[in-house]
Amino acid sequence: MTSRWAVALVTASLLAVASCTSEKDPGPVKPSPQQPPAPQGGTADQPVPLAATKSLLEWVATPGAVANTVTTNDTWFLTVEASGEGYRLDGPDTSFGTGEADTRITNALLDSDWAVVVRQDRAGEKPATAEVTDLVKGEQFTIDEASDVPTTAGGTWALGGDTLVHATLGPGGAYCVAAVDLPSRTSSVTWCAAAKHGFNAAHVTEAGTTVLGFDDAKPSCRTVGRLADDQLDPFPGVPRCVAWEGALLGDDAAVWSVIPNESDTVAAEFFARVGDGYFDLGPGTSGTLVPCAGAAYFVRDPQREGDSARLMRWDGVDLSTVYAAEPGPSYLDAPRCGDGALVLTAHAETGDQQVMAAL
């Protein structure tokens, strides 16, 4: 937001007084607006708990049926049909879309410049196929088992900037992360999990790519970390084995969730780090963390009778509620990010709704 300064009108009498001096006194300098100070964080063992403020976004209904799944960047609309067989990508001047009865769409990703729709056979046995659309050029290409780094069946997909991340199989059947540079359409393997290990919950931001690594123990020992130099660097300060997912929000900032009780893996606790400071963001729903436009969003289910489901935002300074469902039994799907906008599907006894908000 920019401040607008009022320009005072100078009367003739004041001009007459001012003419006695060679320079006009500009008067007191008005202070410029300042950003609120960042909160002081605690330690990894004693993070500072943060209370959420209320800062609701301007939500409006998305076009089309609520049963469809919509993602938008505030210019393009990517709609997956309720059947999961077809999609539409509608822009200002052109549209794309296909439908295949023997497949299902497992991922529909959108940012400012790219749209990615991932198809999988119903049995989940064949390698997936991603249909990529360059929104600027209006061109399309596919990433599949014939690509220089082939896809595999299932696995995590993530889009951020010009980078698309997906799972692939490496030497000896190792489960690996492939990164696709979309402008050049070239792929590379960036990291492979150890034997009998896997990964999911990939997130790509300007600060880097993160995944959740896990072993085959019961319960699994899970580690959230950043991919760098062919390694998975664990987030500092996260207790061993209990992480669920995480994302980078800056060169030295991150947000993640942990599972306090392995018998209830839906109920998570969210935390954040900025530099050396740690913060307790409170309860949330596992699997709903979404980085978008420099902030992190996650769902908080009703915590007590009469409460409502909420969408929370952490921007590195403030924790706020940006959406609140009507009081009563309700739950929210994980938000869908298109860089310039968020889309949210809310389920409640009074009826489901799908809404969007510009960021």
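Start by selecting Asp307, a buried residue with a relative accessible area of 15%. You are looking at a predicted model, so keep that in mind as we go around.

Keep Asp307 on screen and add Arg310: their side chains meet in a salt bridge, at 3.5 Å from N to O. Arg310 counts as partly exposed, at 25% relative accessibility. Now add Arg304, which also forms a salt bridge with Asp307, the closest N and O atoms being 3.9 Å apart. Arg304 is exposed, with a relative accessible area of 59%. Show the three side chains together: salt bridges that share partners join Arg304, Asp307 and Arg310 into one network.

Next, select Arg88 and Asp90. Here is another salt bridge, with the closest N and O atoms 3.7 Å apart. Arg88 is partly exposed at 36% relative accessible area, and Asp90 is partly exposed too, at 27%. If you would like to hunt for others, the count of salt bridges comes to 8.

Now switch to a cartoon view and find the open sheet of 4 strands, ordered β8-β9-β10-β11 with antiparallel pairing. Colour β8 (103-110) and β11 (139-143): these stand at the edges with a single partner strand each, so one side of each has no neighbour in the sheet. On average, neighbouring strands of this sheet are turned by 20° against each other, direction ignored.

For the last stop, select residues 114-121 and 129-134. These are strands β9 and β10, which run antiparallel and are joined by 6 bridges. Which residue of β10 stands opposite Val118? Pick Ala130 and you have found Val118's opposite number.

Definitions and conventions:
Residues are numbered from 1 along each chain as its sequence is written. This is a predicted model: local features need pLDDT of at least 70, side-chain atom pairs count only at pLDDT 80 or more; totals for chains, interfaces and linings use all residues. Side-chain values use heavy atoms; hydrogens and water are left out. Two strands pair if DSSP finds at least two bridges between them. Helices (H or I, at least four residues) and strands (E, at least two) are DSSP runs, numbered from the N terminus. Axes are lines fitted to C-alpha atoms, for helices over the stretch in contact, and angles run from 0 to 180 degrees between N-to-C directions. A salt bridge is a side-chain nitrogen of Lys or Arg within 4 Å of a carboxyl oxygen of Asp or Glu. Buried means under 20% relative accessible area, exposed over 50%, partly exposed in between (1.4 Å probe, protein chains only).
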